[in-house]
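Biologist: I would like to go through this model step by step, with each term explained as it comes up. Could we begin with the whole chain and then turn to single residues?

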Amino acid sequence: MKMERLQKAMAEAGVASRRASEKLIVEGHVKVNGKLVAELDTKVSSSDQVTVDGVPLEREQPEYYLLNKPRGVITSAHDERGRKTVVDILKEGGVTARIYPVGRLDYDTTGVLLLTNDGALANKLMHPSFEIEKTYVAKVKGLISNHDLEQLRHGVVIDGKRTKEANPKLLSVDKQHRVSIVRLTIHEGRYHQVKKMFKAVGHPVEKLTRESDGILNLKGLPGGQWRELKMDEINALKKL
């Protein structure tokens with residue numbers, strides 16, 4: 001049976017942040033199986049009864065959703081400025097679980113986004129060591145040359161560090177409007193990476209869509225729509 005730290009279980013159940021949960025434990029607000037605990041190394045399983053000030057801990061069943069994120073929506077669980085978030089989209093569709101996005105897509109970027117309340121899986125998927133393959137389609141200014149593609153393929157320097165090898169493919173060019181459409185597959189997740197890579201070769205991004213993220217893709221999912229993940233998809237994600 002899986003064991004996890006008490007403060008982590010409390011945080012994932014929505015009691016408080018992990019740090020605030022640690023304070024509740026130390027200050028004597030938490031009991032496990034009727035016994036007061038104050039040690040931060042306490043571990044619990046799903047069969048343990050945890051109460052905070054007498055209120056039982058309600059652990060949510062893990063839920064997994066795939067969203068085709070539209071433009072003009074914040075990739076966050078909430079926004080201090082009151083802008084619409086990706087979580088708002090799912091809540092409007094009836095999802096009540098305390099989900100959050102895995103990774104980020106910019107305000108003006110569209111495409112594949114996973115949302116879940118499975119913190120363990122989310123942390124693994126976002127860890128740089130896994131190098132999960134992500135594919136983007138970008139509309140960029142200017143006519144991309146073979147030299148530009150080779151630069152992207154072998155890595156460009158952004159923020160003082162060279163990107164890892166990537167796989168770019170020119171899809172089309174519009175000579176009249178001087179724009180190009182490029183598909184780019186990367187294995188990193190650095191901040192604004194795709195936009196910065198194209199800017200480094202002299203072709204700023206005008207429009208960007210994440211076409212796939214690992215095994216997840218946009219097939220059959222229109223912009224702004226979402227669906228629950230299938231069991232085989234969930235299992236595949238856990239095996240990545």
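Biologist: How much area does the chain expose, and what share of it do carbon and sulfur atoms supply?

Modeller: This is a predicted model, in which local features need pLDDT of at least 70 and side-chain atom pairs count only at pLDDT 80 or more, while totals for chains, interfaces and linings use all residues. Residues are numbered from 1 along each chain as its sequence is written, and side-chain values use heavy atoms, with hydrogens and water left out. Accessible areas come from the Shrake-Rupley method with a 1.4 Å probe, and for residues only the protein chains shown count as cover. On that basis the chain exposes about 13700 Å², and the share from carbon and sulfur atoms is 49%.

Biologist: What percentage of the residues in the chain is buried?

Modeller: A residue is called buried under 20% relative accessible area, exposed over 50% and partly exposed in between, using a 1.4 Å probe and protein chains only. Of the 240 residues in the chain, the buried ones make up 42%.

Biologist: How many helices and strands are there in the chain?

Modeller: Both are DSSP runs numbered from the N terminus, where a helix (H or I) needs at least four residues and a strand (E) at least two. Counted in this way, the chain has 7 helices and 17 strands.

Biologist: Which strands form the open sheet that includes S2, and in what order?

Modeller: Two strands pair if DSSP finds at least two bridges between them. The open sheet has 4 strands with antiparallel pairing, in the order S3-S2-S5-S6. Its edge strands, each pairing on one side only, are S3 and strand S6 (55-56).

Biologist: In S6, which residue is the bridge partner of Thr-51?

Modeller: Strand S5 (residues 50-52) and S6 run antiparallel and are joined by 2 bridges. In S6, the partner of Thr-51 is Pro-56.

Biologist: Is Asn-33 buried or partly exposed?

Modeller: Asn-33 is found in the loop between strand S2 (30-32) and strand S3 (35-36). Its phi is near 55°, a positive value in a residue other than glycine. Because its relative accessibility is 46%, Asn-33 counts as partly exposed.

Biologist: Is Asp-159 buried or exposed?

Modeller: Asp-159 is found in the loop between strand S11 (157-158) and strand S12 (161-162), and its phi is a positive value near 55° in a residue other than glycine. With a relative accessible area of 61%, Asp-159 is exposed.

Biologist: Which residues form the aromatic pair, and how far apart in sequence are they?

Modeller: Rings of Phe, Tyr and Trp (its six-membered ring) pair if their centres lie within 6.5 Å, and planes under 30 degrees apart count as stacked, over 60 as edge-to-face and the rest as tilted. The structure holds 1 aromatic pair, an edge-to-face one between Tyr-65 and Trp-226, with 5.5 Å centre to centre and 80° between the planes. The pair links distant parts of the chain, with Tyr-65 in strand S7 (residues 64-69) and Trp-226 in strand S17 (residues 226-228), which are 161 residues apart.

Biologist: Leaving aside its neighbours within four places in sequence, which residues is Lys-8 in contact with?

Modeller: Lys-8 is found in helix H1 (residues 6-12), and at 18% relative accessibility Lys-8 counts as buried. Contact means heavy atoms within 4.5 Å. Leaving aside neighbours within four places in sequence, the contacts of Lys-8 are Arg-18 and Ala-120.
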